[in-house]
Amino acid sequence: RRSKNWGGADAPGMGLTMLDGMDTAWLMGLNDTFLEAVRWVDTELNFDQDINISNFEITIRGLGGLLSAYELSGRRHPVLLGKAQDLGNRLLRTYLKGPHGLPRPIVNLKIRTPATSTDQATPRASSPLSPSLSFCRSICHVPCP
């Protein structure tokens, strides 16, 4: 079933399920599906939304999905890298403002800051986030703060 609300109630219209599955489509040789997803990313995906979203989910599914699809496809779709860079820039402040260098668990993508939350970052929840941002910085040629 296809829907305009690819991200579900917590991430409306962000296509997190699709972004997360783009690398799988590529590996399975589902070229038409992969290219349809790339076109959607190019024309529809917009991270400039005033919503609070799980930093963990948007990083592993959104940023990780875009970066893995970009790399696996031989870096042939620069729009994927561009969207990953946009998202990575929106997430960066959650690291700079987090206690003990750990990212805050909730981020507002429009204002690019950690959302007010009583939840505290934990090493277990944060562990996959740093490598994704480091990889994004390396291929986007962005220095670490």
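Here is a short walk through this predicted model, starting with confidence and moving on to two of its helices.

Let's begin with how far to trust the coordinates. Across the chain, pLDDT averages 79, and 68% of the residues score at least 70. Two stretches call for caution: pLDDT stays under 50 over residues 1-8, where the model has 15 contacts beyond four places in sequence, and again over residues 121-127, with 10 such contacts. Where pLDDT is low, the predicted coordinates should not be read in detail. Among the elements of the chain, helix α5 (residues 123-126) has the lowest mean pLDDT, 48, while helix α2 (residues 31-43) has the highest, 97.

That makes α2 a friendly place to look next. Its 13 residues should span 18 Å at 1.5 Å a residue, and the end C-alpha atoms are indeed 18 Å apart, so the two values agree. Now find the buried residues of α2: Phe34, Ala37, Val38, Trp40 and Val41. Viewed down the helix axis, the buried residues fall within an arc of 160 degrees and therefore line one face of α2. An α-helix has 3.6 residues a turn, so residues three or four places apart point the same way. The buried residues of α2 pack against α1 (16-27), α3 and α4 (78-96). Turn to the other side of α2 and you will find Asp32, Arg39 and Thr43 exposed.

Finally, step over to helix α3 (residues 55-72), where Arg61 lies. Leaving aside residues up to four places away in sequence, Arg61 touches Leu16, Thr17, Leu19 and Asp20. With Thr17 there is also a polar contact, side chain to side chain, at 3.0 Å.

How values were computed
Residues are numbered from 1 along each chain as its sequence is written. This is a predicted model: local features need pLDDT of at least 70, side-chain atom pairs count only at pLDDT 80 or more; totals for chains, interfaces and linings use all residues. Side-chain values use heavy atoms; hydrogens and water are left out. Helices (H or I, at least four residues) and strands (E, at least two) are DSSP runs, numbered from the N terminus. A polar contact is a pair of N or O atoms within 3.5 Å; within protein, one must be able to donate a hydrogen and the other to accept it, and residues adjacent in sequence count only if both atoms are side-chain atoms. Contact means heavy atoms within 4.5 Å. pLDDT is the predictor's confidence in each residue, from 0 to 100. The expected span of a helix is 1.5 Å times one less than its number of residues. Buried means under 20% relative accessible area, exposed over 50%, partly exposed in between (1.4 Å probe, protein chains only). The arc is that of the directions from the helix axis to the C-beta atoms.
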